Amino acid sequence: MIEQTAVVIRNDGEYALVEAERKSSCGSCHAKQGCGTGMLEKSLGRRAMRMTALNQCHAQIGDEVIVAVPEKGFIKSAFFTYFLPLLLMLIGAVIAQQLDWPGMGIKEDFGALAGAIAGFIIAMLLLRQYARKIEKDPQSHPIIIRKADTAIPVDFRQFRKEQQPF
């Protein structure tokens with residue numbers, strides 16, 4: 001499970017609307033000054049992401065919570081979101097470039113561009129269907145697993161040996 005800290009904005013019985021700040025790995029990277037992603041983050045600022053999560057711990061509005069997302073569903077969704085449009089744009093451009101565009105009075109490069117745009121539109125339609133399918137699958141939904149200020153009790157005496165300094 002991938003965990004993220006969020007704040008409950010609205011409570012709708014079994015589910016809650018939570019808002020999480022998007023994080024990037026730029027904070028730990030030494031090249032963030034010259035990197036395009038780091039410069040974009042500085043200029044655009046950090047945006048919050050809202051999602052509906054299963055409220056297992058009965059969190060209330062304003063509570064800081066830990067939201068978990070199943071890894072399998074997250075990786076699969078990321079793969080489709082990034083790879084599918086790219087793949088269909090490439091396929092659309094290659095197929096369109098093979099057509100007889102000069103015979104129709106259209107330049108070959110413009111045909112490839114039109115094919116890439118058509119591939120992108122098809123990918124967006126397929127992603128919309130995929131999103132609707134995932135929305136109905138309860139195993140892919142985010143889950144509020146605990147409140148963020150909830151400490152896990154640990155007995156440290158079992159780890160400490162007597163008469164030994166740290």
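1. In this predicted model, Asn55 is in contact with Asn11, Gly13, Glu14, Tyr15, Ala16 and Ile144, once its neighbours within four places in sequence are left aside. Asn55 has its place in strand β3 and is buried, because its relative accessible area of 6% falls under the 20% limit. The side chain of Asn55 also makes polar approaches to the backbone: one of its polar atoms lies 3.1 Å from the backbone nitrogen of His58, and the side chain reaches the backbone nitrogen of Ala59 at 2.9 Å.

2. The strand that holds Asn55 is part of a barrel, which five strands close in the order β1-β2-β3-β5-β4, with mixed pairing. From one strand to the next, the twist averages 55°. Within this barrel, strand β2 (residues 15–21) and strand β3 (residues 48–55) pair in the antiparallel sense over seven bridges, and Ala16 stands opposite Ala53 in β3.

3. Strand β4 deserves a separate comment. It pairs with β1 in the antiparallel sense over six bridges, where the bridge partner of Ala6 in β4 is Val65. With strand β5 (residues 143–147), β4 again pairs in the antiparallel sense, here over four bridges, and Ile144 in β5 is the bridge partner of Val67. Five of the six residues of β4 are buried, so this strand is largely enclosed by the rest of the structure.

4. Which residues form the largest nonpolar core? This core has eleven residues, namely Ala6, Val8, Ala16, Val18, Ala20, Met51, Ala53, Ala59, Val65, Val67 and Ile144. The elements giving two or more residues to the core are β1 (2–12), β2, β3 and β4 (64–69), and the largest share, three residues, comes from β2. In soluble globular proteins, nonpolar side chains tend to be buried together.

5. Val67, one of the core residues, gives a closer view of these surroundings. Not counting residues up to four places away in sequence, Val67 touches Ile2, Glu3, Gln4, Ala6, Val18, Met51, Ala53, Pro142, Ile143 and Ile144. Among these contacts is Ile144, which is also the bridge partner of Val67 in β5 and a member of the largest nonpolar core.

6. Turning to the helices, Val94 is found in helix α2 (residues 71–98) and counts as partly exposed, at 43% relative accessibility. Val94 and Ala116 are 22 residues apart in sequence, while their C-alpha atoms are 8.2 Å apart in space; Ala116 falls within the range of helix α3 (residues 108–136).

7. For the chain as a whole, the secondary structure comes to three helices and five strands, which follow the pattern β-β-α-β-β-α-α-β when read along the sequence. Buried residues make up 23% of the 166 residues in the chain. Among contacts between residues at least 6 apart in sequence, 76% join residues at least 24 apart.

8. A final point concerns confidence. The chain averages a pLDDT of 77, and 69% of the residues score at least 70. Among the elements of the chain, helix α3 has the highest mean pLDDT, at 89, and helix α1 (residues 36–44) has the lowest, at 61. Where pLDDT is low, the predicted coordinates should not be read in detail.

Methods: Residues numbered from 1 in each chain as written. Predicted model: local features only at pLDDT ≥ 70, side-chain atom pairs only at ≥ 80, totals over all residues. Heavy atoms only, no water. pLDDT = per-residue confidence, 0-100. Pairing = 2+ DSSP bridges. Axes fitted to C-alpha atoms, helices over the stretch in contact; angles between N-to-C directions. Core = buried A, V, L, I, M, F, W, Y, C linked by side-chain atoms within 4.5 Å. Buried < 20%, exposed > 50% of the residue type's maximum accessible area, 1.4 Å probe, protein only. Contact = heavy atoms within 4.5 Å. Polar contact = N/O pair within 3.5 Å; in protein donor to acceptor, adjacent residues only side chain to side chain.
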